[in-house]
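I opened this entry to keep track of what I looked up in the model. Short notes follow the display.

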Amino acid sequence: RTFLAQMLYEGKKLYLQDLLLPHEKKGIKIGYTDSELEWVKENELYIWQYFVERQVLYQTEVEWVQRFLEPAPFSKFYTEQDNATPGKIGVWIGWQIVKSYMKHNDVSLQELLEINESDLFNKSKYKPKK
């Protein structure tokens, strides 16, 4: 599976949590502190640019999953600021893409769960905020 497919799989799981636990804080759902949640919101565009510029969305190497999807104290961009980043940043991005897809498409939950990753991504109209 591609890095993008795995991000979207994790994003679907968090979207389901949104439906099942609508009053729970987003940070609790993904396991972020308030400051980590604020960091990913403020840096979403830059995270997305990092993935796109390095052409990792369709990579299948386990390295990308380990660096950006698995629980960790921080994500591994291999920069000086790594310690400021929360882990699972790819999960956060996947969640945002799924939310964007649901916002722009009138589909059932069953259809969301069954759609392939490529169609979901292409129909999501995902564009991080500046």
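These notes go from confidence to the core, then to single residues and one helix.

**Confidence.** I am working with a predicted model. I checked pLDDT before anything else. The chain averages 94, and 100% of the residues score at least 70. By element, helix 5 has the highest mean, 98, and helix 4 the lowest, 92.

**Core.** I looked up the largest nonpolar core next. It holds 36 residues. Met-7, Trp-48, Phe-51, Ile-93 and Ile-97 have the most contacts inside it. I then asked which elements give two or more residues to this core. They are helix 1, helix 3, helix 4 (62-68), helix 5 and helix 7. Helix 5 supplies the largest share, nine residues.

**Phe-51.** I listed the contacts of Phe-51, setting aside residues up to four places away in sequence. Phe-51 touches Phe-3, Met-7, Val-56, Leu-57, Phe-68, Ile-89, Gly-90 and Ile-93.

**Trp-48.** I found Trp-48 in helix 3. Is Trp-48 buried or exposed? Its relative accessible area is 11%, under the 20% cut-off, so I count Trp-48 as buried. Beyond four places in sequence, Trp-48 is in contact with Met-7, Leu-57, Ile-93, Ile-97, Phe-121, Tyr-126 and Pro-128. I also took one C-alpha distance. Trp-48 and Ile-93 are 45 residues apart along the chain, yet their C-alpha atoms are separated by 7.5 Å.

**Ser-100.** I moved on to a polar residue in helix 5, Ser-100. Its relative accessibility is 11%, so Ser-100 also counts as buried. Leaving out neighbours within four places, I see Ser-100 in contact with Ser-124, Lys-125 and Tyr-126.

**Helix 7.** Ser-124 and Lys-125 sent me to this helix and what follows it. Helix 7 spans residues 117-124, and its buried residues are Leu-120, Phe-121 and Ser-124. Why do I say that they line one face of the helix? Seen down the axis, the buried residues of helix 7 fall within an arc of 95 degrees, so they line one face. In general, an α-helix has 3.6 residues a turn, so residues three or four places apart point the same way.

I then asked what covers the buried residues of helix 7. The cover includes helix 1 (3-20), helix 3 (34-53), helix 5 (89-104) and helix 6 (109-114).

Last, I checked both ends. Asn-116 caps the N-terminal end of helix 7, with a side-chain oxygen 3.1 Å from the backbone nitrogen of Ser-118. After the helix comes Lys-125, and I noted its positive phi, near 55 degrees.

Note on methods: Residues are numbered from 1 along each chain as its sequence is written. This is a predicted model: local features need pLDDT of at least 70, side-chain atom pairs count only at pLDDT 80 or more; totals for chains, interfaces and linings use all residues. Side-chain values use heavy atoms; hydrogens and water are left out. Buried means under 20% relative accessible area, exposed over 50%, partly exposed in between (1.4 Å probe, protein chains only). Helices (H or I, at least four residues) and strands (E, at least two) are DSSP runs, numbered from the N terminus. The arc is that of the directions from the helix axis to the C-beta atoms. Contact means heavy atoms within 4.5 Å. A polar contact is a pair of N or O atoms within 3.5 Å; within protein, one must be able to donate a hydrogen and the other to accept it, and residues adjacent in sequence count only if both atoms are side-chain atoms. A nonpolar core is a set of buried Ala, Val, Leu, Ile, Met, Phe, Trp, Tyr and Cys residues joined through side-chain atoms within 4.5 Å. pLDDT is the predictor's confidence in each residue, from 0 to 100.
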